[in-house]
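Trainee: I should like to work through this model with you, beginning with a single residue and then turning to the whole chain. May we look at it together?

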Amino acid sequence: MKRIKVLQDSCIPPSQLSLIFQTRTVWRDLATWIRAYLASKHGGLGDKEAIREKLDELMLRSTNIFSLVFGEEFANEYIDLSTNFLNLLDALVDAQISGDVDAINEYTRQIYENSDRIAAFLARVNPYWQENRWRDLLYQFNDRTIEQSNTFLNQQFRENINLFDRILNLTSTIGDYYSQGILDYLTFSGR
């Protein structure tokens, strides 16, 4: 009840509501552009460089939003961790395509280590986010993204479609958690 009273007494400006909505959609956009990138790398569909530029632009947009809420210092760490994920995923896909099992295992390990760092970072930045919850969400995202890459590699297109649907559902959950944390942070931290 205390939380409801605080929310009733607060007024969130439309600009902050728009920002919160944008944070929610970033996750879906990320999944969509990663899928396009994977299709490009595995099947030669589209322009890999242009799609990677789009992914990098998306990370920059996400970081700009993050900076508005949490400040530039934290945003710099956020962009480093996010870009590291994309670079590791790129290297993993190259290893999958070349069949280098040792590299696949190493890049997979590094992706999950990076997720551990992201989860710890997000929990440190925002008291309304829990490290374990972030780790779980990011691990699910990693699992499904790597599996999606495998389905492209093995030309399992029906499974790929079903998997992409599951990824989109997951990004809704991640986006909800992310945006709720930002809403709580803006509402209860006095920012």
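Trainee: Is Asn-142 buried or exposed?

Mentor: Please keep in mind that this is a predicted model. Buried means under 20% relative accessible area. Asn-142 has 2% relative accessibility, so Asn-142 counts as buried.

Trainee: In which helix is the place of Asn-142, and with which residues is Asn-142 in contact, leaving aside its neighbours within four places in sequence?

Mentor: Asn-142 belongs to helix H6. With its neighbours within four places in sequence left aside, the contacts of Asn-142 are Phe-85, Ile-111, Tyr-112 and Ser-115.

Trainee: Is Gln-155 buried or exposed?

Mentor: Gln-155 is found in the loop between H6 and H7. Although Gln-155 is not a glycine, its phi is positive, at about 55°. The cut-off for exposed is over 50% relative accessible area. The relative accessible area of Gln-155 is 57%, so Gln-155 is exposed.

Trainee: How many helices and strands does the secondary structure of the chain come to?

Mentor: Read from the N terminus on, the elements run α-α-α-α-α-α-α. The secondary structure therefore comes to seven helices and zero strands.

Trainee: How does the radius of gyration stand against the globule rule, and what are the two values?

Mentor: Taken along the principal axes, the box filled by the C-alpha atoms is roughly 55 × 30 × 25 Å. The chain is as compact as a globular protein of its length, because its radius of gyration is close to the value that the globule rule gives for 191 residues. The two values are 18 Å for the chain and 16 Å for the rule.

Trainee: Which element gives the largest share of the largest nonpolar core?

Mentor: In soluble globular proteins, nonpolar side chains tend to be buried together. Here the largest nonpolar core has 53 residues, and those with the most contacts inside it include Leu-30, Trp-129 and Phe-141. Helices H2, H3, H4, H5, H6 and H7 each give two or more residues to this core. The largest share, 12 residues, comes from H7.

Trainee: Which residues does Leu-30 touch, not counting those up to four places away in sequence?

Mentor: Leu-30 is among the residues with the most contacts inside the core. Not counting residues up to four places away in sequence, Leu-30 touches Leu-55, Leu-58, Met-59, Leu-86 and Phe-141.

Trainee: How far apart do the centres of the positive and negative side chains lie?

Mentor: The chain has 20 positive and 26 negative side chains. The centres of these two sets are separated by 7 Å.

Notes. Residues are numbered from 1 along each chain as its sequence is written. This is a predicted model: local features need pLDDT of at least 70, side-chain atom pairs count only at pLDDT 80 or more; totals for chains, interfaces and linings use all residues. Side-chain values use heavy atoms; hydrogens and water are left out. A nonpolar core is a set of buried Ala, Val, Leu, Ile, Met, Phe, Trp, Tyr and Cys residues joined through side-chain atoms within 4.5 Å. Buried means under 20% relative accessible area, exposed over 50%, partly exposed in between (1.4 Å probe, protein chains only). Contact means heavy atoms within 4.5 Å. The radius of gyration is taken over C-alpha atoms; the globule rule is 2.2 Å times the number of residues to the power 0.38. Lys and Arg count as positive and Asp and Glu as negative; His and the chain ends are not counted. The place of a charge is taken as NZ of Lys, CZ of Arg, CG of Asp or CD of Glu.
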